[in-house]
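The questions below ask why certain labels are applied to this predicted model, and each answer sets a value against the rule behind the label.

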Amino acid sequence: MIKNILFFLVLTTCLAASSDGPTYRLLPGDGYQWPSRIKGELKRKRIPLSEMPEEIVAHMDRVVDDTLSCAEYEKIAPDYDKGFPVLEIDLNFDGIPEWLVMDRRGAGATGNAVSFIYQKKNGVWETIGSYPGSVPYFYEKRNGYLQIEGYVKSNMIDYGFFLLAYSPETGEYKCVRSEWYCYNTNYKDRPNFTCSIGIGRLDTATSEDAIHARLEHFIRSTAYRLYDEQFDQESLELKDNTWTCQKKDFGFAIKLLKKEEKYTPSFDVAFQKRIALDQPTVKGMVIGIFGSKKASELCEAISLELDKNRSSLLKLD
């Protein structure tokens, strides 16, 4: 499929989605799986303002004029006359590329730009949507068009990801899924290391989905509290109902088990505890916590947190 996508030349001064923050995503509590991402190198070119289609410039100016004062406009976009970064890509595989135009006017201190999607219809460029951020990712087709991911960041620690899909009913892209990840360890009014679902929550979520999302919160937040930056958060992995640490010398496993189910980790176990779940939908299940000698302190702290908060383990974000 990737061979059919037209990537045009272009710019190199764009914001990378994970260049200055965590590169792992947090688990949503509804079991949602993002679609398959299309791999390929995205490049942009800056098209001078004098060469930009008039209808595109007029549309972007109208959006900016509705949100910014003249003083703000001049301050934010001193290089406006130099033009805009443009990515050409054939979103619907009809042989005619759409334009994705990044407009940094209105971007705040965190650099969140807005990008507009334009399609040529009967010789005239029309907008068919927009997405937050500057560097998009593309996903497998839906309704005949590639899906687009946009992202924003806040305070360099919170990240929002948005999946847009083309709607045949409106002829435009619309957001079908949004997730907000909180990596901040200092918030007093919201739990850290959690994923909040904004748009597109699945109504097929299971109790296991909710429990694993909550387990991730307790594992990551406890590890950060004990070890601060010394603990590699990216070494955590969920597989086969088991949270494990991929560091060779720091083995632990936290697994959702049936009450009488046996489990043997791949390391020598120095700490072991089982916490029974008494909610009706998971009755007869336990959370098994297994730790190597080096991970015993962390596993004991996690078990205390889980024991204290077992009534909230089925709570969704």
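Q: What are Tyr 227 and Phe 250 called, buried or exposed?
A: Both Tyr 227 and Phe 250 are buried, which means that each has under 20% relative accessible area.

Q: Why is the pair of Tyr 227 and Phe 250 called edge-to-face?
A: The ring centres of Tyr 227 and Phe 250 lie 5.8 Å apart and their planes stand at 90°; because centres within 6.5 Å make a pair and planes over 60 degrees apart count as edge-to-face, the label follows. Tyr 227 belongs to helix H3, whereas Phe 250 sits in the loop between strand S12 and strand S13, 23 residues apart.

Q: What makes the aromatic pair of Trp 99 and Trp 125 tilted?
A: For Trp 99 and Trp 125 the distance is 4.9 Å centre to centre, with 35° between the planes, and the pair is therefore tilted, since stacked requires under 30 degrees and edge-to-face over 60. Trp 99 lies in strand S3 and Trp 125 in strand S5, 26 residues apart, and both residues are buried.

Q: Why is H3 called oblique to H4?
A: The axes of H3 and H4 come within 9 Å and cross at roughly 130°, an angle that makes H3 oblique to H4, because it falls outside 65 to 115 degrees, the roughly perpendicular range, and is not over 145, where roughly antiparallel begins. Residues that make the contact include Phe 218 and Tyr 227 of H3 together with Leu 298 and Ile 302 of H4, and by class the contact has ten nonpolar, one polar and three charged residues.

Methods: Residues numbered from 1 in each chain as written. Predicted model: local features only at pLDDT ≥ 70, side-chain atom pairs only at ≥ 80, totals over all residues. Heavy atoms only, no water. Axes fitted to C-alpha atoms, helices over the stretch in contact; angles between N-to-C directions. Helix = DSSP H or I, 4+ residues; strand = E, 2+ residues; numbered from the N terminus. Parallel < 35°, antiparallel > 145°, perpendicular 65-115°, else oblique. Contact = heavy atoms within 4.5 Å. Nonpolar A, V, L, I, M, F, W, Y, C, P; charged D, E, K, R; others polar. Phe/Tyr/Trp six-rings, centres within 6.5 Å; stacked < 30°, edge-to-face > 60°. Buried < 20%, exposed > 50% of the residue type's maximum accessible area, 1.4 Å probe, protein only.
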